[in-house]
Amino acid sequence: MAQEDHIYDLIGVGIGPFNLSLAALLDEIDEVSSVFFEQKEKFDWHPGMLIEGTKLQVPFLADLVTMADPTNKHSFLNYISKNDRMYQFYFLQRLDIPRREYNDYCQWVSERLSSCQFASRVSTIRHVREEETYFEVVVENLQSNETHVYKTRHIVMGTGSVPVMPKSFQNLPEQDVFHTADYIPNKDRCRTAESVTVVGSGQSAAETFRELLKEQRECGFRLDWITRSPSFESMEESKLSLEHFSPDYVKYFYQLPQKDKDEIFANQGLYYKGISNHTIEDIYNLLYEYSIGEDELNVGLQVLSEVQGIEEKSDGTGYLLDCFHWQKKESFQHESEVVITATGYKPYVPEFIYYLSDFLQWDDEGRYKVEADYRLKKKEDVNNEIYVHSGISHTHGVGSTNLGLAVHRNKVIINHLLGREVYKMPEKSIFQSFDIE
Ligand SMILES: Cc1cc2nc3c(=O)[nH]c(=O)nc-3n(C[C@H](O)[C@H](O)[C@H](O)COP(=O)(O)OP(=O)(O)OC[C@H]3O[C@@H](n4cnc5c(N)ncnc54)[C@H](O)[C@@H]3O)c2cc1C
């Protein structure tokens, strides 16, 4: 249990993979006292999207610790070994592990770390200036309903992202109109529907559509997939493109003027927003299989069409979607009993960060400014830092939400926290150059 009378070196807010990786690395470093708080009852990684057959989109080597220290006991391979699955994993011969297994691995690590405290929501942070300066972190225990106040010299924010639901889709019955983030708990609802429509065309949309396609014939529902994009675009997955998710690219991107960064990032969607080739292939194979001996599939894939509004049908049997084909400039209506929005996620920056407005520096867009080593920029030279994992795409670029860069970021944070090179940073880690050499 965390102690209220102690001043910690570091308190972590949120335990997703990014802060869990930091907690795991710090477990080996005795000189740092730390505690991490998570509002969920246990570690759970995007549980609504843990669909059987989905894979981690980075090699398992991007686990919580290996990229910093392959000998660390919290590695994925140690998890495999301790669970007596080494031969099965060896014969599996895959780098891309099931997403459910990644979640199970992270749960295994989180249960071994005494610094991780669950059912604990951080509700406020205050900066205190006494003889010593520190932060006060107010934490609500969601099991006992008690509030505790902890002290720390530094903070690390790992609050991740939250699903984005367009305004027009809000305030409708949640069992009929929901985000892909809530797909698993609503899976049975889809099975009993007359018709299901997926809106959007990123990886989550494709994974949900693929899963529904597998069930569609047996359950008998009509299945539609609608996107405003001109095509069901595939993610840029060539090896040289993947080098954008490297410390070198982060370093190059960081030093560009903010205006350039915003423009570049806005045009890099296909590095992280498109659909994996293997998912498209699965979908196409299923469609082809189903088309054998059939005059017509009870499935529709509609591109170039923006869903602009949704209303409940007067007889209560479903919803009417107002769609607009933006190339033909024609409106049309689409009917569906269940509608699943695959409309993405946005970084979650808790409200209480804005209470520290006087302490932090903000850019013209109202976003916090971030140092190269992931500390929020402060207005004065105070010896207390807030490190951030979340909401840093505007400063550190396209790799900010990628699991493959989390350990690198934690190496940087730990080196700064300890004021020495605990982890050696590579001069160059990829083949191509982004900057002028
Ligand atoms: C469905 C999905 C699949 C993805 N798959 C991949 C992939 O395969 N490869 C890849 O590189 N990236 C992937 N990503 C992107 C990214 O890696 C993940 O979003 C990852 O979870 C980010 O980790 P995180 O630690 O920042 O945040 P999260 O996993 O979002 O965790 C943040 C945690 O903070 C907690 N929290 C927030 N506020 C508070 C508070 N005030 N007090 C206490 N706790 C709080 C939340 O409850 C949450 O558990 C995926 C994203 C999604 C949505």
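In the predicted model, the ligand is surrounded by 29 residues, of which E38, W45, Q57, T401 and L403 come nearest. Sorted by class, the residues of this shell comprise 14 that are nonpolar, twelve that are polar and three that are charged. Two of the secondary-structure elements that contribute to the shell are helix 1, spanning residues 17–26, and strand 4, spanning residues 120–129, each of which supplies at least two residues. The most is given by strand 4, which provides three residues of the shell around the ligand.

Polar atoms of the protein approach oxygen atoms of the ligand at several positions, through side chain as well as backbone. In the case of W45, which is also among the residues that come nearest to the ligand, an N or O atom of the side chain lies 2.7 Å from a ligand oxygen atom. For P17, a polar backbone atom is found 3.3 Å from an oxygen atom of the ligand, and for G158 a backbone N or O atom is placed at 3.4 Å from a ligand oxygen atom. Taken on its own, the ligand has 980 Å² of accessible area, and 89% of this area is covered by the protein.

A separate feature of the model is the packing of helix 8 (residues 247–254) with helix 9 (residues 258–266), whose axes come within 10 Å and cross at roughly 135 degrees. The two helices are therefore oblique to each other. Their contact is formed by Y249, F253 and Y254 from helix 8, which meet K261, I264 and F265 from helix 9. By class, this contact consists of five nonpolar residues and one charged residue, with no polar residues.

Notes. Residues numbered from 1 in each chain as written. Predicted model: local features only at pLDDT ≥ 70, side-chain atom pairs only at ≥ 80, totals over all residues. Heavy atoms only, no water. Axes fitted to C-alpha atoms, helices over the stretch in contact; angles between N-to-C directions. Helix = DSSP H or I, 4+ residues; strand = E, 2+ residues; numbered from the N terminus. Parallel < 35°, antiparallel > 145°, perpendicular 65-115°, else oblique. Contact = heavy atoms within 4.5 Å. Nonpolar A, V, L, I, M, F, W, Y, C, P; charged D, E, K, R; others polar. Near = heavy atom within 4 Å. Polar contact = N/O pair within 3.5 Å; in protein donor to acceptor, adjacent residues only side chain to side chain. Areas by Shrake-Rupley, 256 points an atom, 1.4 Å probe, with all protein chains shown as cover.
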